[in-house]
Amino acid sequence: MRSGMVAVVGRPNVGKSSLVNALVGQKVSIVTPKPQTTRHRIQGVVNRPEGQVVFVDTPGIHRKTPFALNRYLNEAAIGGLRGVDVVLFVVEAGRWTDEDEQVLERVKTCAVPVGLVLNKVDKLTDKTQLLPEIEAHAKRHGFAFIAPVSAQKRDNLDAVVKEIFARLTDGPALYPEDQVTDRDLAFQLAETVREKLMQRLRQEVPYALTVEIEKLEREGKLTRVSAVIWIERDSQKAIVIGADGAGLKAIGTAARREMEYRLGGKVFLKLWVRVKEGWTDDPRALAQFGYDPT
Ligand SMILES: Nc1nc2c(ncn2[C@@H]2O[C@H](COP(=O)(O)OP(=O)(O)O)[C@@H](O)[C@H]2O)c(=O)[nH]1
Ligand SMILES: [Mg+2]
């Protein structure tokens, strides 16, 4: 039996979380079309006859900005590279940006094998582009392997798992076979609410909010959840709530449905919107909301 930890890194929006979910076969990390959806390191566990791989999803590594939350995101992403056995550097097929170049500079300093995952190949209209692109990537760095995949279409994922196992050593499973993530239920439910918020809201609002579970009670098949949506300015309240509360209601319905599917039972979900002035640039507020880079 082999086992090991694999960091999944890359710039925002290349599909790191989609890849981890597809590999695990369950949603352990939320996904939206917006960059910087993932804000924490989140582990996703894959069990195969060969052994167990623990993938570490990370926030996207991006350009430095002065905001404390953005600093935290970069620290959390880069911290994900520590103590792993293999690194997966995820990029988008048909695209190579300055931000990818920055991530490359980081992974070049890693002592462990780095595999390049070329995601979103389903978006390529001209498949003859793929081979020259792989050759160009091979010139950039001595990658342990280069795997073109589609996380969305679950295409070629087994090849990635095979390449990883080939680089792991014998060891015991790190998690029991029925556990798919290191994160607890409260975290997963908060993330579900945040996903629905990020999917619906525009411009800066998705980045100005965080979700905290205030109450989580389970009575048999019934689960009662109270979640607080923290925003950083009073003016954002009306945007989140929407006209006649319609926005908040739609978010609550979408989140509740997903929670019910996940838990296999009825969920009563209450959402509250509260203001924590300037929390995204306040280290103490960040720590309070669980943004702890260690
Ligand atoms: N077409 C296509 N879209 C993808 C694929 N993987 C991810 N996406 C989309 O890319 C966006 C960002 O995905 P996400 O997993 O959140 O990226 P992350 O920021 O790197 O974690 C979402 O809209 C995904 O649906 C893929 O293989 N093909
Ligand atoms: Mg992500």
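**Ligand shell and two sheets in a predicted model**

In this predicted model, 17 residues surround ligand 1, and those that come nearest are Asn13, Gly15, Lys16, Ser18 and Asp122.

User: How far from an oxygen atom of ligand 1 does a polar side-chain atom of Ser18 lie?
Analyst: Two of the nearest residues approach ligand 1 through the backbone: a polar backbone atom of Asn13 is 2.9 Å from an oxygen atom of ligand 1, and a backbone N or O atom of Gly15 also lies 2.9 Å from a ligand oxygen. Ser18 instead brings a polar side-chain atom to an oxygen atom of ligand 1. With polar contacts counted within 3.5 Å, the Ser18 pair qualifies, at a distance of 2.6 Å.

User: How much of the area that ligand 1 exposes when taken alone does the protein bury?
Analyst: The shell around ligand 1 divides into 4 nonpolar, 9 polar and 4 charged residues. Taken alone, ligand 1 exposes 580 Å², and the share of this area that the protein buries is 89%.

User: Which helix gives the most residues to the shell around ligand 1?
Analyst: Lys16 and Ser18 are among the residues that come nearest to ligand 1, and both numbers fall within the helix that spans residues 16–24. That helix contributes 3 residues to the shell, and its name is H1.

User: Which strands are the edge strands of the open sheet of 6 strands?
Analyst: The strand order in this sheet is E2-E3-E1-E4-E5-E6, with mixed pairing. An edge strand pairs on one side only, a description that fits E2 (42–48) and E6 (145–148).

User: Which residue in E6 is the bridge partner of Leu116?
Analyst: Strand E5, covering residues 114–119, runs parallel to E6 and is joined to it by 4 bridges. Leu116 lies within the E5 range, and its bridge partner in E6 is Ile146.

User: What angle does the direction of H3 make with that of E4?
Analyst: H1 packs on the sheet, touching E1, E2, E3, E4 and E5, and its direction makes about 30° with that of E2. Helix H3 (residues 98–108) also packs on the sheet, where it touches E1, E4 and E5, and its angle with the direction of E4 is about 170°.

User: How many bridges pair E8 with E9?
Analyst: An open sheet of 3 strands has the order E7-E8-E9 and mixed pairing, with E7 (210–219) and E9 (267–275) at its edges. Within the E8–E9 pair, Ala227 stands opposite Leu271 in E9. E8 (residues 222–231) and E9 pair in the parallel sense, and the number of bridges is 9.

How values were computed
Residues are numbered from 1 along each chain as its sequence is written. Chains are lettered from A and ligands numbered from 1 in the order in which they are written. This is a predicted model: local features need pLDDT of at least 70, side-chain atom pairs count only at pLDDT 80 or more; totals for chains, interfaces and linings use all residues. Side-chain values use heavy atoms; hydrogens and water are left out. A residue is near a molecule or strand if one of its heavy atoms lies within 4 Å of it. A polar contact is a pair of N or O atoms within 3.5 Å; within protein, one must be able to donate a hydrogen and the other to accept it, and residues adjacent in sequence count only if both atoms are side-chain atoms. Accessible areas come from the Shrake-Rupley method with a 1.4 Å probe; for residues, only the protein chains shown count as cover. Helices (H or I, at least four residues) and strands (E, at least two) are DSSP runs, numbered from the N terminus. Ala, Val, Leu, Ile, Met, Phe, Trp, Tyr, Cys and Pro count as nonpolar, Asp, Glu, Lys and Arg as charged, and the others, Gly among them, as polar. Two strands pair if DSSP finds at least two bridges between them. Contact means heavy atoms within 4.5 Å. Axes are lines fitted to C-alpha atoms, for helices over the stretch in contact, and angles run from 0 to 180 degrees between N-to-C directions.
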